[in-house]
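Reader: Hi! I have a chain open on my screen and would love some company while I look through it. Could you walk me around?

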Amino acid sequence: MSLLEDEDKRSLNGSGNRISFADDSEEQDDVFGDFDFAKLLVIANKSLAWVILLITLSITGAILYVRYTKPVYESSSILKLDLKSEAGVLGLNKFNDENMPGNKLSTISGEIEFLKSRFLYEKIVDRMKMNVSYFAYGNILYEERYNNAPFKVIGKIKNQGFLDFKFDVTFLDKDKFLLSYKNNDEEIKSEHYFGEKISNENYTFTLYPTHFWSAKETGAKYFFTMNSKEALVKNLMENVSVSILNLEANTILLSYKNHNYFKATDIVNTIDSVYLEQTLENKSKSHEQTIKFLEASLLKTEENLAKAERELEAFVRNNRTVDVKQDFGKTGIKIEELDKEKQVLKSRISMLGELKELILGDKEINNFIPALTQVEDPQLSAAINSLNTLQEERNRLLNSQRENTLVVKTKNKSIERIKENVLDLIDINKKILYQQSGEIHSKMVQLEQEVLSLPSKETEFTRLKRFYSIYEKFYLLLMEKEAEFGIAKAGTIPNFVILSPALNNPNPIYPKKIFIYISGLGIGIFLGISLIAIRYLLNDTISTQKELERSLHASMLGGIPEYSKEKMEVSKLVVDKNPKSAISEALRSIRTNLEFICPNKKKKLIAVTSTVSGEGKTFVASNLSGVIALSNQKVILLDLDMRKPKVHLAFEKENFKGMSTVLIGKHTLEECIQPTSISNLSFISAGPTPPNPSELILREEFDLLIKRLFEIYDVVVIDTPPVGLVTDGILILRKADIPLYVVRTDYSKKSAKRNINKLVKTIPKLCVLMNALKAINTYGYGGYGYGYGYGYYEGETEKETIISKIKSLAGVKA
């Protein structure tokens, strides 16, 4: 167990309950959930230079991006398709309606696939003769010189490895040039004349100047590539875009992207031209194939029509009649009547079967009585009624008699006899009904055979007439379409119209300058806002008095301005040297406020503490004591921060003896009191560090010491240890008339408010002082600069955490 934990357990309040600061969850929302708009403005003001720098860098980056990004141009044309398919021309559009959305989309999609096909692109490459590409070097980028290069190359590549290979050309004068290239990391250079044949095992070509060459081209650098067909086709497939512009209007948008808008326009127009030629060629072939198909179909249809005519004529001659529909109708009516009779007989047989199951199952048949109207046998009906009557009489007897009585047994025997009679009658009736059903079935079979023999002639005649009609109509249709396609072949036109041809568009589609500039500005603003937000979130210190007062339960006694006159290594007494300074005025105001806290008490015990070291606790205690002493009150300052005493340094005195030696009786009080530069102010240093500071404070000698001091002095001020590190200070604060808690601007953590609010629960008189208030509303890290960052235990060192590193990078001080 550490010394801090041990002393914390021994720090008890008056009720014997330990005062603990370990509950971090209490009032967590107050510490971390506060939003301080004023503090945000301070941080924004401090970060303004960084925000402007980020915006400037973002806009500069956008400008550089636009300046050094090769522009991309897009050229496009609009095609309108005429969706008259061959099936529609043949008059078969009833079965293949091109106006149906699905069929229309399918047809347009087929045209799009043709426009994107490799077959079409190969023809475009052959048409445009793009086997050589020329480029001019710039300061950073290079530019393609399409149809305006100052030279041209005529030749061929022997080694396929030199296809798509870069050859550098530097003009030396109007007649000579330097040819250079790298081959296997070896740079090859050679000077040549225009018109000179350059040949080796890899290539053969000749360079000629064009009318674009001028004297200013001397010293200019270019390069050219002998393109492979595969690379050119691949470029077209990657950069040509074909899409449906309007399905209802049957329009297609064809576009191509390139870094040279002249080249993009030529390629789109060439695609339109090649597509037109291929369409005409395909339609011409289609008409020829269609006419051949029509001629073959006409010949076959003519044979089928002649055969149908002969068969129909033979049928009429052999049968001499075709009116068999009337006889067929009469026979059908008879069959329907017999079928109805048969169904009635089936119903009666089924009813008798159900009755038999009821009787065999010895079940009541009273519910079956209404169905006796369908039983034609009066004897069976009478037997069933008798059986039902006997069953009802037996049921009435059972209500008053047992089953083993003679009367009930006699009745049961009567019921069994009549059941046998009924079952016999049921079998007889079922047999009769089955005979009647069989007779009806025989009649129906006979009539059906007659029906089958009657329609065979009608069916045959109808079939012959149907085939004759189909062949006749199809023959006439084929003759008509043969004539139409003959005419169409003579005047073949493409099935599309170019609504909008490709035009030169010098405005690039990428990069969009306005969009890039606005994006750069937006990114800069976003980064600036993010920087402010990060600095605000990482700042976990209390920066303003208003921020401290929010959700604070203790009384706010006042604030002390930042001391910036000099940089102090340790706390010093400054009010005697600067009586008219802002700090002196602030301390005098606090002295006045102290009078209102204990107005009726002449002797006062004031205890000064803080959360951690470095918050100015000793500075406040020393200078507050000096201000009170200057008001003609006798004041003594006690240094009870025995682990790391600082009061003697403030007065530039020794610390050989003090509170620790007085409390153990080693020295007398008078021996330890030391004077200061202020006549009414004395102090007692902490003395040598004891092993048990808390136990010295709990001893009775401490209370006796305070009483003795009150006999001499009006005010006793105690510099206590920080309560956030050890609990000695809590014991002293409980004894004090005026307990003071020091919070330092831009140094004390927000968690200090939580500690103060907890402490107020046991020390209601606790007052808070705000130290090192900024003179102007700026964000930064200020203070006295006297360095209170000591460790309380031997070997303790301050380690830099990951959070502190992040804060330091973001410009936020811990």
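Reader: Let's begin with the outside: what does the accessible surface of the chain come to, and what share belongs to carbon and sulfur atoms?
Author: Happy to help! Keep in mind that this is a predicted model. Its accessible surface comes to about 44,300 Å², and carbon and sulfur atoms account for 54% of that.

Reader: And how many of the residues count as buried, in percent?
Author: The chain has 814 residues, and 42% of them count as buried.

Reader: How many helices and strands are there?
Author: You'll find 25 helices and 21 strands in the chain. Taking contacts between residues at least 6 apart in sequence, 79% join residues at least 24 apart.

Reader: Good to know. What is the mean pLDDT of the chain?
Author: The mean is 80, with 82% of the residues at 70 or more. Residues 1-32 are a stretch to treat with care, as pLDDT stays under 50 there; the model has 59 contacts for them beyond four places in sequence. Residues 776-814 are also below 50, with 90 contacts beyond near neighbours in sequence.

Reader: Thanks, I'll keep that in mind. Back to the surface: which residues make the nonpolar patch?
Author: Ile59, Ile63, Ile514, Tyr517, Ile518, Leu521, Ile525 and Ile529 make a nonpolar surface patch of about 700 Å².

Reader: Which helix gives the most to the nonpolar patch?
Author: That's helix 14, with six residues. Helix 14 spans 513-538, and helix 4, at 48-67, also supplies at least two residues of the patch.

Reader: What about Tyr517, where is it found?
Author: Tyr517 is in helix 14. With a relative accessibility of 32%, Tyr517 counts as partly exposed.

Reader: While we're in that area, which peptide bond is cis?
Author: The one from Tyr510 to Pro511 is cis, with omega near 0 degrees. Pro511 sits in the loop between strand 13 (496-500) and helix 14. For background, most peptide bonds are trans.

Reader: Now the inside. Which residues in helix 8 are buried?
Author: In helix 8, residues 229-239, the buried ones include Leu232, Val233 and Leu236. These three are on the same side of helix 8, because they cover an arc of only 95 degrees around the axis.

Reader: Nice. And Ser622, is that buried or exposed?
Author: Ser622 is buried, because its relative accessible area is 0% and the cut-off for buried is under 20%. Ser622 belongs to helix 17, residues 617-629.

Reader: Which residues is Ser622 in contact with, leaving aside its neighbours within four places in sequence?
Author: Leaving those aside, Ser622 is in contact with Leu573, Leu637, Ala650, Phe651 and Leu681.

Reader: Last topic, backbone angles. What phi does Asn632 have?
Author: Asn632 has a positive phi of about 65 degrees, although it is not a glycine. In general, most residues other than glycine have a negative phi. Asn632 lies in the loop between helix 17 and strand 16 (635-639), and its 69% relative accessibility makes Asn632 exposed.

Reader: And where is Asn184 found?
Author: Asn184 is in the loop between strand 6 (176-183) and strand 7 (186-193). The phi of Asn184 is positive too, at about 55 degrees. Asn184 is exposed as well, because its relative accessible area is 72%.

Reader: Lovely, thanks for the tour!
Author: Any time!

How values were computed
Residues numbered from 1 in each chain as written. Predicted model: local features only at pLDDT ≥ 70, side-chain atom pairs only at ≥ 80, totals over all residues. Heavy atoms only, no water. pLDDT = per-residue confidence, 0-100. Contact = heavy atoms within 4.5 Å. Patch = residues over 30% accessible without salt bridge, like charges linked within 9 Å, V, L, I, M, F, W, Y side chains within 5 Å. Areas by Shrake-Rupley, 256 points an atom, 1.4 Å probe, with all protein chains shown as cover. Salt bridge = Lys/Arg side-chain N within 4 Å of Asp/Glu carboxyl O. Helix = DSSP H or I, 4+ residues; strand = E, 2+ residues; numbered from the N terminus. Buried < 20%, exposed > 50% of the residue type's maximum accessible area, 1.4 Å probe, protein only. Arc of directions from axis to C-beta.
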